[in-house]
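Please find below my notes on this model, set out as numbered points. They are best read with the coordinates open alongside.

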Amino acid sequence: MNATTHPATAMSVEGKIEQISANSVTVNGHQYQANKVQYRGFAIDPVQLQTNMMVNVSTAARAQTGAHIELEPTFTGRIEKIGEPKDTFTISGIELSFAALSPGIQNGDWVMVSSLPSANDSYKVLSVISFDFDQDGLAEAEGRISSIDFNNGTFKIGKSLTVLFDQNLVNNPKKLRNGTWVEVIGGYNEDNGVLTAEKIKLKNYNDVHGGGEIEGVVTWVAKDKSAFEVNYRGTFDIHPSTKYDDGDKSSLRIGAEVEVDYIKKGDKLIAKEIEFEDDVDFDFDWDAFEFETEGTASNVNTDNETFVIKVKGKEQTIYIDAQTRFDDGLTIDTLDGERLDVEGVIISGDYVAREIEREDD
């Protein structure tokens, strides 16, 4: 994917910085003038930009004033522990692996971590950068919500980080549910491993007006290739006019790294073009984290959003989350006793439905 100065049609571009030259950056193969760089609303000197940092580029006024670049790290905070050999480290209680960790980074240093999701609720680290930004000692963590408990006001990010939250931090608390991808900013207590949220942002791709580009990992694919999910954050429909670069529809598989050019129509996201990364190193056997089954649903629990169905002959609890799609007019209230075809993914041992439809006769 060679950098080009051809104007991108997207109004929002999210991906990692591929190249830096003078005051410009290359993201998803397009070059942008980095006239304005921000993090959490604060101006950042462009000289702090480095390759493999995740950013969001707003291109609406690019021709007149240059691009507005917002840093989009997965984590910011102090490194608690660097492992031996020096390719693992812990930040906000989450252990990550990064072979290229700089020898200049030490325990207690404030860093910015950019990553992509990996299988089984893990993270594939792209960069770890010393970052002198300790505004009020607030850390940041991004990830998929699990084990949400509204009575206690807690949920999990990843496998180990507990977040303490107030429902008033989000405009629509009903959207705060298992499976939602969130950005949390707050104070992290190393003694009890709890991040007390001061700000929560629900992150998906539906807030783009018109169109956008994203870079990420395919985290689910419909068996008929009619739709796919990226970064656990949004599902894109395949259209007959969808174009493919460096691959074809058969290349669309869980774990593939892609760039997606998309448009929003109503409440649907339509993939205009899918570009596959070359020589992707699959860091997990992603296929082991998919499942598909047919059978009769039972023990539906609308409070916990679960039901039971046989998977490979064994009764299995299936979780419904923010990314689950219902077809054929089904809802969680109508599942009990229905013969279903269920596709999904396995996340931290939980079987999570991605598409639920009535079983074909």
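Which side chains of strand E3 are buried, and which are not?

1. The model is a predicted one, and strand E3 (residues 30–33) is a convenient place to begin. The side chains alternate along this strand, with His 30 and Tyr 32 buried and pointing to one face, whereas Gln 31 and Gln 33 point to the other face and are not buried. The strand runs antiparallel to E2 (residues 24–27), to which it is joined by 4 bridges, and within that pairing Val 25 has Tyr 32 as its bridge partner. E2 and E3 make a hairpin with 2 residues between them, and in its turn Asn 28 has a positive phi of about 55°.

2. Strand E17 (residues 194–202) deserves attention as it pairs in parallel with E15 (residues 161–164) through 3 bridges, while its pairing with E16 (residues 181–189) is antiparallel and comprises 8 bridges. On the parallel side, Val 163 is the bridge partner of Leu 195; on the antiparallel side, Lys 201 of E17 has Glu 183 standing opposite. The hairpin formed by E16 and E17 has 4 residues between the strands, and Gly 193 takes a positive phi there, near 70°.

3. The structure contains 9 aromatic pairs, of which two merit separate comment. In the pair of Phe 75 and Tyr 123, the ring centres are 5.1 Å apart and the planes meet at 70°, so the arrangement is edge-to-face. Because Phe 75 belongs to strand E8 (residues 75–82) and Tyr 123 to strand E12 (residues 122–130), this pair ties together parts that are 48 residues apart in sequence. Both Phe 75 and Tyr 123 are buried. The pair of Phe 236 and Tyr 262 is likewise edge-to-face, because its ring centres are 5.1 Å apart and its planes stand at 65°. This pair links distant parts of the chain, with Phe 236 in strand E20 (residues 234–245) and Tyr 262 in strand E21 (residues 257–265), 26 residues apart.

4. As to the burial of the second pair, Phe 236 has a relative accessibility of 0% and therefore counts as buried, and Tyr 262 is buried with a relative accessible area of 2%. Phe 236 and Tyr 262 also form one aromatic cluster with Tyr 205 and Phe 228.

5. Asn 231, located in the loop between strand E19 (227–230) and E20, is a polar residue worth inspecting, and at 4% relative accessibility it counts as buried. Its side chain is joined to that of Tyr 205 by a polar contact of 3.1 Å, and a polar atom of the Asn 231 side chain also lies 3.4 Å from the backbone oxygen of Glu 215. Leaving aside residues up to four places away in sequence, Asn 231 touches several others, including Leu 116, Pro 117, Trp 181 and Thr 219.

6. The largest nonpolar core holds 64 residues, and those that touch the most other members are Phe 89, Phe 155, Ile 157 and Phe 307. Strand E28 (residues 339–347) gives the most to this core, with 5 residues. Among the residues that Phe 89 touches, not counting those up to four places away in sequence, are Ile 79, Ile 82, Leu 96, Phe 98 and Val 128, together with the charged Lys 81 and Glu 95. Another core, of 20 residues, lies apart from the largest one and has Ala 67, Leu 71, Met 112 and Phe 131 among its members.

Note on methods
Residues numbered from 1 in each chain as written. Predicted model: local features only at pLDDT ≥ 70, side-chain atom pairs only at ≥ 80, totals over all residues. Heavy atoms only, no water. Pairing = 2+ DSSP bridges. Phe/Tyr/Trp six-rings, centres within 6.5 Å; stacked < 30°, edge-to-face > 60°. Buried < 20%, exposed > 50% of the residue type's maximum accessible area, 1.4 Å probe, protein only. Polar contact = N/O pair within 3.5 Å; in protein donor to acceptor, adjacent residues only side chain to side chain. Contact = heavy atoms within 4.5 Å. Core = buried A, V, L, I, M, F, W, Y, C linked by side-chain atoms within 4.5 Å.
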